[in-house]
Amino acid sequence: RDPTAAMFSWLGTDDRRKKEPEVFQTVSDGLKKLYKTKLLPLEESYKFHEFHSPALEDADFDNKPMVLLVGQYSTGKTSFIRYLLEQDFPGMRIGPEPTTDSFIAVMHGDTEGVVPGNALVVDPKKPFRKLNAFGNAFLNRFVCAQLPNPVLESISVIDTPGILSGEKQRISRGYDFAAVLEWFAERVDRIILLFDAHKLDISDEFSEVIKALKNHEDKIRVVLNKADQIETQQLMRVYGALMWSLGKIVNTPEVIRVYIGSFWSHPLLIPDNRKLFEAEEQDLFKDIQSLPRNAALRKLNDLIKRARLAKVHAYIISSLKKEMPSVFGKENKKKELIGSLGDIYKRIEREHQISPGDFPNLKKMQDQLQAQDLTKFQPLKPKLLESVDDMLANDIAGLMVLVRQEETQRPNPVVKGGAFDGTLDGPFGHGYGEGAGEGIDEAEWVVARDKPAYDEIFYTLSPVNGKVTGANAKKEMVKSKLPNTVLGKIWKLADIDKDGMLDDEEFALANHLIKVKLEGHELPPELPAHLVPPSKRKIPE
């Protein structure tokens, strides 16, 4: 894009600026500007930060995607991070008793070291400045472990204290644990809940924590860890029980994705489900690897969520202000208004066509209002709301286009290093030497083993000049009962010279691919080199 053109679009008259969406160079710049100019004034005017969440800072828009790990103690959270990084990180402790009693942000740094919480919350480059609101009891339990690790070049991981069962621990923490988690949940890209397959009980504190993650269900993934320690039948029961208890706590229309496996580098105790664990691990890795690509979209999404809450909040605050008497009977009126907050919600819902899901929790809002002086609230300022509406209606659409552009221009920013590299290539890659990959490193053509049997069928199909027609081959191939879409793909892969007929080698290859598919493997998008019949291989010049 021509930079001068972009510059002049900024300098247009004010009237034109109002109608035309802003021009931005990058998504994160765009988000920062929109937030500061259009949403922040509304938040400040109606004390949004005192009720919901602190103001966003530049670092919130610039930082790398973050993964938050949550789970009861000894479900293997720290081991999971170690498994991903394939390296110990400073400050980590692993053991059966509650060892991690701190929040540890594991981030990239040129040298290894630990930065204590008090220093972290004054660093403007780190997205943690607003955590100082949780006080010293929390800051003494918060550190950043920095280390030069390739995985951390594209994501950061946050380890949380093991969640305990029982009443006394909740009191002894000294800070609001659920509130801190909620703060992180708002800012991270992925929340991984870890469960231990051989002691699956969800304590009260854990259900409370999961409830604190409400509104962020789209970020949650579940890992059923240590699944190699129980037999298959038992594992199915545990999986069922987990889905059932999660269903009661997390209300999402779609089922939350659960990954089953053993995420540490020890031998599997019961290796029966090795195949399943490998496939699940690949899926989970793909999910984590997609985070950098989707980070801009996630930030955009979170900003929209925030803007909608800020609008509703403004309506609530200004309604309360409107009802307050200016002189006498303030205290009684305040009690009455807080008591009838539910009706105020309903009225706002009707007047402004807002869905009930956008409203803040009623009970929590009533508690927070007790401490506020309602007479000091601001009346409704349509201008502030208009600029947020304008942002949602126009500017966000422009940023969506930019998100797509940035995605296509960027070289694929996949998370690399650590455990992510272990299974990429070579014999231990997922599915190596199985299905269509069978015979990949053998000198002989793998199809030749069964070719005599396939040849017998071939000669019953009355070949002409050593080839069978498509119609004749079809009669035989349909016997596999595979759907036409699959058989069509097999035909494409097997008809190497694309003459619409199959010779004896191509016919054998087609049958080999049918066997691959019937054994439950996927077909390759194109024919791998080791499956090409020897007589059809290109002779290197």
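How many aromatic pairs does the count come to? In this predicted model, the count comes to 18 aromatic pairs. A pair of aromatic rings is described by the distance of the centres and the angle of the planes.

Take Phe 103 and Phe 177. Their ring centres are 5.8 Å apart and the planes meet at 50°, so this pair is tilted. Phe 103 belongs to strand β2 (residues 103-108), while Phe 177 belongs to helix α10 (residues 177-187), so the pair ties together parts that are 74 residues apart in sequence. Both rings belong to residues tucked away from the surface: Phe 103 counts as buried because its relative accessibility is 0%, and Phe 177 counts as buried because its value is 4%, with the cut-off for buried being under 20%.

Then there is the pair made by Phe 458 and Phe 507. Here the centres lie 5.6 Å apart and the planes sit at 50°, so this pair is tilted too. Distant parts of the chain are linked again, with Phe 458 in helix α20 (residues 451-460) and Phe 507 in helix α23 (residues 504-518), 49 residues apart. Phe 458 is buried, at 0% relative accessibility, and Phe 507 is buried with a relative accessible area of 0%.

Back at Phe 103 and Phe 177, there is a wider group to look at. These two join Phe 128, Phe 134, Phe 138, Phe 142, Tyr 175, Trp 183 and Phe 184 in one aromatic cluster. Trp 183 also has a charged partner: the charged end of Arg 187 sits over the Trp 183 ring, 4.1 Å from the ring centre.

Methods: Residues are numbered from 1 along each chain as its sequence is written. This is a predicted model: local features need pLDDT of at least 70, side-chain atom pairs count only at pLDDT 80 or more; totals for chains, interfaces and linings use all residues. Side-chain values use heavy atoms; hydrogens and water are left out. Rings of Phe, Tyr and Trp (its six-membered ring) pair if their centres lie within 6.5 Å; planes under 30 degrees apart count as stacked, over 60 as edge-to-face and the rest as tilted. Helices (H or I, at least four residues) and strands (E, at least two) are DSSP runs, numbered from the N terminus. Buried means under 20% relative accessible area, exposed over 50%, partly exposed in between (1.4 Å probe, protein chains only). A charge sits over a ring if NZ of Lys or CZ of Arg is within 6 Å of the ring centre and within 35 degrees of the ring normal.
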